[in-house]
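Let's walk through this structure together, starting with one helix and working outward to the whole chain. Keep the model open beside you as you read.

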Amino acid sequence: MLRRKPYDATAELWSVGVVFHELLCGVPPFRGANVAKLLEAIMEATGPPPPPPGASAACVELLHALLQPDPARRIAFARFAAHPFLAPPSPPTPPTTAVD
């Protein structure tokens, strides 16, 4: 969107990644004094922003998939919706009791 290219759902998934990063880390994944500097910071990044300490592998994988700068390589919506990090937790298994 900032590069004046066609806008589609992958831009929305990028936005989800930005908000997700801010919720987890308390800071935006990229910073710039203005839109041009922000785009420059995104394009010059040598990798994804660092995940929060203690993040699970599934959390980190989802964050990196959402913040993929190349829209063609960004996670698709169906994969996002089915991602293990977003799956509801399994209910705890009740303890078994021995029968005498």
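A helix is expected to span 1.5 Å times one less than its number of residues. What you have here is a predicted model, and that rule makes a handy check on helix H1. H1 covers residues 9-25, and because its 17 residues should span 24 Å, the 24 Å between its end C-alpha atoms agrees with expectation. Just past the end of H1, Gly26 adopts a positive phi of about 85 degrees.

Now look at which parts of H1 are hidden. Its buried residues are Thr10, Ala11, Leu13, Trp14, Gly17, Val18, Phe20 and His21. The spacing in such a list is easier to read with the helical repeat in mind: an α-helix has 3.6 residues a turn, so residues three or four places apart point the same way. What covers the buried residues of H1? The cover includes helix H2 (35-44), helix H3 (57-66) and helix H4 (77-81).

His21 is a good residue to pause at. This histidine sits in helix H1 and is buried, with a relative accessible area of 4%. Setting aside neighbours within four places in sequence, His21 is in contact with Gly26, Val27, Pro28, Pro29, Pro49, Pro50, Leu63 and Leu67. Turn to Leu67 and you can see the view from the other side: with the same kind of neighbours left out, Leu67 is in contact with Trp14, Gly17, Val18, His21, Pro29 and Pro49.

That brings us to the nonpolar interior. In soluble globular proteins, nonpolar side chains tend to be buried together. Here the largest nonpolar core has 14 residues, and those with the most contacts inside it are Trp14, Phe20, Leu62, Leu66, Leu67, Ile75 and Phe80. H1 and H3 are the elements that give two or more residues to this core. The largest share, 5 residues, comes from H3.

Aromatic rings deserve a look of their own. The whole structure contains 3 aromatic pairs. One of them joins Trp14 and Phe30, whose ring centres are 5.8 Å apart with planes at 10 degrees; planes under 30 degrees apart count as stacked, so this pair is stacked. Because Trp14 lies in helix H1 and Phe30 in the loop between H1 and H2, the pair ties together parts that are 16 residues apart in sequence. Both partners are hidden: Trp14 is buried at a relative accessible area of 16%, and Phe30 counts as buried at 14% relative accessibility.

Another pair is made by Phe77 and Phe80, with ring centres 6.0 Å apart and planes at 50 degrees, so this pair is tilted. The two are 3 residues apart in helix H4, which means that about one helical turn separates them. Are Phe77 and Phe80 buried or exposed? Phe77 is exposed, with a relative accessible area of 54%, whereas Phe80 is buried, with a relative accessible area of 15%.

Continue into the segment after H4 and you will find His83. This residue is buried, with a relative accessible area of 6%. Beyond its neighbours within four places in sequence, His83 is in contact with Ala58, Glu61, Leu62 and Ile75.

Next, the cysteines. Why do Cys25 and Cys59 not form a bond? Their sulfurs are 8.1 Å apart, and a disulfide needs the two sulfur atoms within 2.5 Å, so they are too far for a bond. The count of disulfides comes to 0. The two residues also sit in contrasting surroundings: Cys25 is partly exposed, with a relative accessible area of 28%, while Cys59 counts as buried at 3% relative accessibility.

Finally, step back to view the whole chain. The chain has 4 helices and 0 strands, giving the pattern α-α-α-α when read along the sequence. The radius of gyration is 18 Å, well over the 13 Å that the globule rule gives for 100 residues, so the chain is more spread out than a compact globule. Along its principal axes the C-alpha trace spans about 75 × 25 × 20 Å. Of the 100 residues, 25% count as buried. Among contacts between residues at least 6 apart in sequence, 56% join residues at least 24 apart.

Definitions and conventions:
Residues are numbered from 1 along each chain as its sequence is written. This is a predicted model: local features need pLDDT of at least 70, side-chain atom pairs count only at pLDDT 80 or more; totals for chains, interfaces and linings use all residues. Side-chain values use heavy atoms; hydrogens and water are left out. Buried means under 20% relative accessible area, exposed over 50%, partly exposed in between (1.4 Å probe, protein chains only). Contact means heavy atoms within 4.5 Å. A nonpolar core is a set of buried Ala, Val, Leu, Ile, Met, Phe, Trp, Tyr and Cys residues joined through side-chain atoms within 4.5 Å. Rings of Phe, Tyr and Trp (its six-membered ring) pair if their centres lie within 6.5 Å; planes under 30 degrees apart count as stacked, over 60 as edge-to-face and the rest as tilted. The radius of gyration is taken over C-alpha atoms; the globule rule is 2.2 Å times the number of residues to the power 0.38.
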